[in-house]
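User: I'm new to reading protein structures. Could you walk me through this one, feature by feature?

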Amino acid sequence: FLNLFYFLLLLRFGETKEGDIVRHDGKTSDGYLEHIFKHAAKELFGMDVKEITYKALKNKDFQEVTLEKDGETLLRFAAAYGFRNIQNMVLKMKKGKFSYHFVEVLACPGGCLNGKGQAQGDDGKPDKALLNRMAEVYAAIPVRLPETNVQVQKMYQDWLEGVDSKKAQETLHTKYSAVNQTANNLDIKW
């Protein structure tokens, strides 16, 4: 997603050149948990996190990352991959037993690189060698923080009228609110 975003920015604000493809912090091409975790630690608590340690909980596709200081947990993030983990997460949320500040949710067990149609052999099973090679290739792409990207800065300046502008808030931020259940909810029992 991030590379697509950069590509669209380059189409809008400049020419695409070799070396323009960059990636976010993280171990694979999944989401932005690591970038958001490091950014939140810095912005909210003034802590510069260099390395993130994932702790697998019930299985390798449900992992937790925490930021602690003086025995107190300041941030608790989770990565939930696969529908079984997502369903369990939703059930825990409904029961009020889900204590995470941020959850990265991906439908594919093992994350995006392991998604259907990605790195599978002729037998339909994951090709471990190809998955490892894809992870190596991804890791070789340079990391660039979005806030340091010239095109992103230009987008904020020229189109969004500044980082803290009303237009930036309205365009890039979302507010969530509780949804009232109706009798006709298609009987989804998560």
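Analyst: Sure, we'll go through the sheet, then the cores, then the salt bridges. Keep in mind that this is a predicted model.

User: Let's begin with the sheet. In what order do the strands of the open sheet come?

Analyst: The general idea is that strands of a sheet pair through backbone hydrogen bonds, either parallel or antiparallel. Here you have an open sheet of 4 strands in the order β1-β2-β3-β4, and the pairing is mixed. At the edges stand β1 (55–59) and β4 (102–106); each has a single partner strand, so one side of each is left without a neighbour in the sheet. On average, neighbouring strands are turned by 20° against each other, direction ignored.

User: How many bridges join β1 to β2, and do the two run parallel or antiparallel?

Analyst: They run antiparallel, and 3 bridges join β1 to β2, which covers residues 62–69. If you want one pair to look up, take asparagine 59: its bridge partner in β2 is phenylalanine 62.

User: And how many bridges join β3 to β4?

Analyst: There are 5 bridges between β3 and β4, and this pair runs parallel. One place to look is phenylalanine 77, which stands opposite phenylalanine 102 in β4. To get from β3 to β4, the chain passes through helix α3 (residues 83–94), and this β-α-β crossover is right-handed.

User: Which helix packs on the sheet, touching β2, β3 and β4?

Analyst: That's α2, residues 33–45. Its direction makes about 165° with that of β3 (72–81).

User: Now the inside. Which residues have the most contacts inside the largest nonpolar core?

Analyst: In soluble globular proteins, nonpolar side chains tend to be buried together. In this model the largest nonpolar core has 15 residues, and those with the most contacts inside it are Phe37, Val65, Leu67, Leu75 and Phe77. At least two residues of this core come from each of α2, β2 and β3. The largest share, 5 residues, is supplied by β3. Apart from this core lies another one of 7 residues, including Phe62, Ala78, Met89 and Phe98.

User: Phenylalanine 77 has come up twice now. What does phenylalanine 77 touch?

Analyst: Leaving out residues up to four places away in sequence, its contacts include Leu33, Ile36, Phe37 and Ala40. Among the others are Val65, Tyr100 and Phe102.

User: Last topic: how many salt bridges does the structure hold?

Analyst: It holds 6 of them. To read one, find the two side chains, then check how exposed each partner is. Take aspartate 48 and lysine 50, whose side chains meet in a salt bridge at 3.1 Å, N to O. Aspartate 48 counts as partly exposed, at 48% relative accessibility, while lysine 50 is exposed, with a relative accessible area of 64%.

User: What about aspartate 61: is it buried or exposed?

Analyst: Aspartate 61 is buried, because its relative accessible area is 12% and buried means under 20%. Its salt-bridge partner is lysine 60, with the closest N and O atoms 4.0 Å apart. Lysine 60 is exposed, at 59% relative accessible area.

User: And where do glutamate 170 and lysine 166 lie?

Analyst: Both lie in helix α6 (residues 166–172), 4 residues apart, which is about one turn of the helix. They form a salt bridge, with the closest N and O atoms 3.8 Å apart. Glutamate 170 and lysine 166 are both exposed.

How values were computed:
Residues numbered from 1 in each chain as written. Predicted model: local features only at pLDDT ≥ 70, side-chain atom pairs only at ≥ 80, totals over all residues. Heavy atoms only, no water. Pairing = 2+ DSSP bridges. Axes fitted to C-alpha atoms, helices over the stretch in contact; angles between N-to-C directions. Contact = heavy atoms within 4.5 Å. Buried < 20%, exposed > 50% of the residue type's maximum accessible area, 1.4 Å probe, protein only. Core = buried A, V, L, I, M, F, W, Y, C linked by side-chain atoms within 4.5 Å. Right-handed = clockwise from strand over helix to strand, strands pointing away.
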